[in-house]
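Biologist: Please take a close look at a single part of this model. I would like one connected answer that I can follow with the structure open.

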Amino acid sequence: MEYTFHWRPVFNRLPDLLEAGLITLEVSALSMVIGIALGLGLALIRMSGNPAIAWFAIGWIEIARNTPALLQLFFFSFGLGAYGIHLTPYMVVLCGMAFNNAGYLAESFRGGFAAIPDTQMKAARSLGMTATQAYIRIIIPQVLRIVYYPMTNQMVWAVLISSLGMLVGFHELAGETQRQAFRSFRLFEFFLVTAVIYYVIVKIIILSSRLIAWRLFRY
Amino acid sequence: MKIGTALLASAVIGLFALGEVESAKADKLDDVINAGKVRCGVVLDFPPIGFRDANNEPAGFDVEYCKDLAAAMEVDYEILPLTWAERLPVIVTNRADVVFGATSDTLERAKTVGFTIPYAIYYAQAVVTRDSGIATFEDMKGKRVGAAVGTVPEIEFLKYAKEWGTEDLYQGFQSENEVFLAVAQGKIDAGITTNTAVKPITDQYENVIAGPRMPWTTDYTSVVGPRKDFGWLNYLNLFITHQVRSGRYQELWGQFVGGEAPDLRIPGVMY
């Protein structure tokens, strides 16, 4: 194959790509914050043992973990669109990713809760704490410590699946790359540079999480 | 005996070397003739120029052009269904020999692939929802607008959207079908497409009607081939002029689009 690389069009558009990289980070981080809150709730509901509400959490987790993330985005885009509910591309991606993250994180949290010995709760209650206090002050901090690394993995996953946003018209890093690349159709060069940007973003996340872990878990 | 062997060996090497020279000279035109098949990339997301008929077979103006090219070259044809975004990559990666895909001949794209003289001319037009209130192009200011990603309508409209400060209201879709679905669902108020696609779409969706014509220039579209294969591009140029001279261009345009086929001339330019 005879192919001459043209890098200039990519470097001319590099500021746009880097700006889109920030949007990728923003939507991923936001979807993680929402996902953690929802995932924690789902895990608690699932573990409540109340079948009237547990089915809701189980259904959510099953769908989020066992269907393609792309279809979940399409649900929030064209699926809701069929019923006259029109979300912006940003909201489609945020809702889709938060839904997906919550499903995966709920199972991580459930594993985290299972790893905490029952005696911790008993000890907390024996000190006069209410069940809520015991959860907030004793159990959940330990769970968060156990699921810290799975949460980091989920954050990396969130950054990577946010690239599906380009298929619903969202201009995060992959979407912006596609838009810019189609001007000159230098797809190979554009996506290669974008892959490097993704790699750097992921490495920054992993490095930051290690630094935070080093600071948080010293004792 | 030794001399005989040496002579034979030289002759064989010479023949191979000659073969090498010959194959090095062979261009895309020779390749297609020798392969006995021309591989045409066609966008089937673009009725009535390229679409699938009731039997799910590729059909339309561009598909007929591929068949005509194969007939002229006395080879078979293969239709490769493409999305808009794939039109140039299939040429660059040599998965297709030629693309009939209403490809606008922009100078940026011409750095990557080779363009023939124009083979069809279009203009951009919007399809809008019945209650959108869009009658003129200016009415689109502040409305939610969409187009297929990587197309000239997208590039041109975004220039206006930037000027108006309404870039956030624009949405790119992966295919024209998604644009039309989005208009029909009310997800966007207007979808920008090509004039030839307006009638089939407004016939298909009850709540979608023809919208205003876009203000940018006429869309000259070319057949696409490998950038450095001048012999092949010359052949395709000649094929386009023969289609016009033989009346086949008018015949196919009348069959699929209807009416008078546009003149393939750029005023004030000779090519």
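Which pattern does chain A follow when read along the sequence, and what surrounds strand S10 of chain B?

Modeller: Keep in mind that this is a predicted model. Read along its sequence, chain A follows the pattern α-α-α-α-α-α-α-α-α-α. That is 10 helices and 0 strands. The C-alpha atoms of chain A fill a box of roughly 75 × 50 × 30 Å along the principal axes. Of the 219 residues in chain A, 37% are buried. Among the contacts in chain A with a separation of 6 or more, 75% are between residues 24 or more positions apart.

Now to the part you asked about, in chain B. Strand S10 of chain B covers residues 190–194, and 5 of its 5 residues are buried. In a regular strand, side chains alternate between the two faces of the sheet. In S10(B), one side carries Ala190(B), Ile192(B) and Thr194(B), and the other carries Gly191(B) and Thr193(B). Both faces are covered, since every one of these residues is buried.

S10(B) also has strand partners. Strand S7 of chain B, residues 124–129, runs antiparallel to S10(B) and is joined to it by 5 bridges. Within this pairing, Gln125(B) has Thr193(B) as its bridge partner. Strand S8 of chain B, residues 145–148, pairs with S10(B) in the parallel sense, over 2 bridges. Here Gly146(B) has Gly191(B) as its bridge partner. To sum up, S10(B) pairs antiparallel with S7 and parallel with S8, and both of its faces are covered.

Technical notes
Residues are numbered from 1 along each chain as its sequence is written. Chains are lettered from A and ligands numbered from 1 in the order in which they are written. This is a predicted model: local features need pLDDT of at least 70, side-chain atom pairs count only at pLDDT 80 or more; totals for chains, interfaces and linings use all residues. Helices (H or I, at least four residues) and strands (E, at least two) are DSSP runs, numbered from the N terminus. A residue is buried if 20 or more other C-beta atoms lie within 10 Å of its own, exposed if 12 or fewer, and partly exposed in between; C-beta atoms are placed from the backbone. Two residues are in contact if their C-beta atoms, placed from the backbone, lie within 7 Å. Two strands pair if DSSP finds at least two bridges between them.
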